[in-house]
Amino acid sequence: MTGIEKTVASKSASGALVLCAILFCLCACTEDASYTAGVWYRRSDFDGVARTDAAGFTIGNKGYICGGYNGKTTRLADTWEYDIDNDWWTQRADMPGTVRNAATGFSVGSKGYVTTGYNPDQKYLSDTWEYNPETNSWRQMDDFKGGARYYAIGFGIDNYGYVGTGYNDNYLKDFYRFDPTAAAGSQWTIVNGFGGQKRQGGTAFVIDGKAYVCGGQNNNSDVSDFWCFDPSAATPWTQLRDIANTSDDDYDDDYTSIVRSYGVSFVIDGKAYLTLGSTAGGSYYSNYWIYDPATDLWEGDDLTAFEGSTRIHAVCFSTGTRGIVATGGSGSSSYFDDTWELKPYEYEEE
């Protein structure tokens, strides 16, 4: 072997050793790195004034925010549309009637509805309004039959809306069905059979034609019962596992960090995502949990916490494949106008 050949061979061997060392380090770093599931992406900020306690609903791939409180004026009545596909906001017609916060929103078909709420002059409200995005117009519907209240739960299934629970100087547990096609005076009918606790500030999500009701507080205590509502069943209400550490197994050891008030929930690919909110004692949450109706179990391990400011009274939009969170507040002086989307199948390094 010539000197040149020896030098080339030596350099080749050295290069190979360096390459091996680099690869070893990369593998070691990859093995040592830990990841959490889900990535929160900040989207286009809400164009309206920052606020908390707004009502919201989703129609197709567009979300709507109405009313709320910004800490400076009495209450708000403006309406905003968020185009989820294109990531922009457009102001729409203000909701008529009394300005309010803590109202309940839901959608039925191609229209959205806002009912109940709070105004300091009239206190608790019961009027109901329908928004038609095609004509950008509102019309008044029957007053909510359960009476004036705020912080109620609302959801839509097929051709009907459902509203219940809340507070009006008494914690409530009643539910009513809303039929937007019924004649005036007969649009609300009572839905019996809910055996759960009274509550305000709970949440609901709908998967495959069934609604799931959880969370909220009752007399300054967190509510841990969990219910499924199937309007097609002879007995529509079914109690599920309590959201509490009640078994001898380890699956529910951390369930106490699920229960909360004033959180938001949305559905992606047949599973529910619950995030934000606070305990009855005032501790704020940034974590999220995933509920699988096939197993009646919650999963919260190694999930990426919400990356905006912790908050309560946010609005969420749920399309079935995407989940969006916007606005909300923290304490008596922090109000938010940011918008976030969770991508649950992506991973983030801790």
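1. Ala102 is placed in the loop that runs between strands S5 and S6. The model discussed here is a predicted one. Although Ala102 is not a glycine, its phi is positive, at about 60 degrees. Is this residue, Ala102, buried or exposed? With a relative accessible area of 3%, Ala102 is buried.

2. Asp87 also merits attention for its backbone. Like any residue listed for this reason, Asp87 is not a glycine, yet has a positive phi of about 60 degrees. Asp87 sits in the loop between strand S4 (76-83) and strand S5 (88-92). Its relative accessibility is 30%, so Asp87 counts as partly exposed.

3. The overall architecture may be stated briefly. The protein has one helix and 28 strands. Its C-alpha trace spans about 105 × 50 × 40 Å along the principal axes. Of its 350 residues, 50% count as buried. When contacts between residues at least 6 apart in sequence are considered, 53% of them join residues at least 24 apart.

4. The largest nonpolar core comprises 17 residues. Which of them touch the most other members? They are Phe205, Tyr212, Phe226, Ile243, Ile258, Tyr291 and Trp298. At least two residues of this core come from each of strand S14 (203-207), strand S15 (210-214), strand S21 (271-275) and strand S22 (288-292).

5. The contacts of Tyr291 give a view of that core's surroundings. Leaving aside residues up to four places away in sequence, Tyr291 touches Phe205, Tyr212, Phe226, Leu240, Lys271, Ala272, Asp296, Leu297 and Trp298. A second core, separate from the one above, has 16 residues, among them Ala37, Val264, Ala314 and Trp340.

6. The largest pocket has a volume of about 1000 Å³. Its lining is made of 42 residues, and those nearest the centre of the pocket are Gly56, Gly105, Gly154, Ala204 and Cys316. Which strands each supply at least two residues of the lining? They are strand S2 (55-59), strand S6 (104-108), strand S10 (153-157), S14, strand S20 (264-268) and strand S24 (315-318). By class, the lining holds 22 nonpolar residues, 18 polar residues and two charged residues. Strand S14 thus appears in two settings: S14 supplies at least two residues of the largest nonpolar core, and S14 also supplies at least two residues of the pocket lining.

7. The cysteines should be noted for anyone considering the redox state of the chain. The structure holds zero disulfides. For Cys66, the nearest cysteine sulfur is that of Cys316, 16 Å away, and Cys66 is in no disulfide. A disulfide requires two cysteine sulfur atoms within 2.5 Å. Cys66 is buried, at a relative accessible area of 4%. Cys228 is likewise in no disulfide, the nearest cysteine sulfur being that of Cys214 at 12 Å. Cys228 counts as buried, with 9% relative accessibility.

8. Lys111 belongs to strand S7, which covers residues 111-119. At 24% relative accessibility, Lys111 counts as partly exposed. Which residues does Lys111 touch, not counting those up to four places away in sequence? They are Ile59, Glu130, Tyr131, Asn132 and Pro133. From C-alpha to C-alpha, Lys111 and Gly60 are 9.9 Å apart in space, and they are 51 residues apart in sequence.

9. Gly195 occupies the loop between S13 and S14. This glycine, Gly195, counts as partly exposed, with a relative accessibility of 46%. Beyond residues up to four places away in sequence, Gly195 touches Lys173 and Trp227. Gly195 and Trp227 are 32 residues apart in sequence, while their C-alpha atoms are 8.7 Å apart.

10. Ala184 is found in the loop between strand S12 (171-178) and strand S13 (188-191). Is Ala184 buried or exposed? Ala184 is exposed, its relative accessible area being 69%. The C-alpha atoms of Ala184 and Leu125 are 19 Å apart in space, and the two residues are 59 apart in sequence.

Notes
Residues numbered from 1 in each chain as written. Predicted model: local features only at pLDDT ≥ 70, side-chain atom pairs only at ≥ 80, totals over all residues. Heavy atoms only, no water. Buried < 20%, exposed > 50% of the residue type's maximum accessible area, 1.4 Å probe, protein only. Core = buried A, V, L, I, M, F, W, Y, C linked by side-chain atoms within 4.5 Å. Helix = DSSP H or I, 4+ residues; strand = E, 2+ residues; numbered from the N terminus. Contact = heavy atoms within 4.5 Å. 1 Å grid on protein atoms, 1.4 Å probe; cavity = no way out; pocket = protein on both sides within 12 Å on 5 of 7 lines; lining within 4 Å. Points joined across faces, edges and corners; volume = space filled by probe spheres on them. Nonpolar A, V, L, I, M, F, W, Y, C, P; charged D, E, K, R; others polar.
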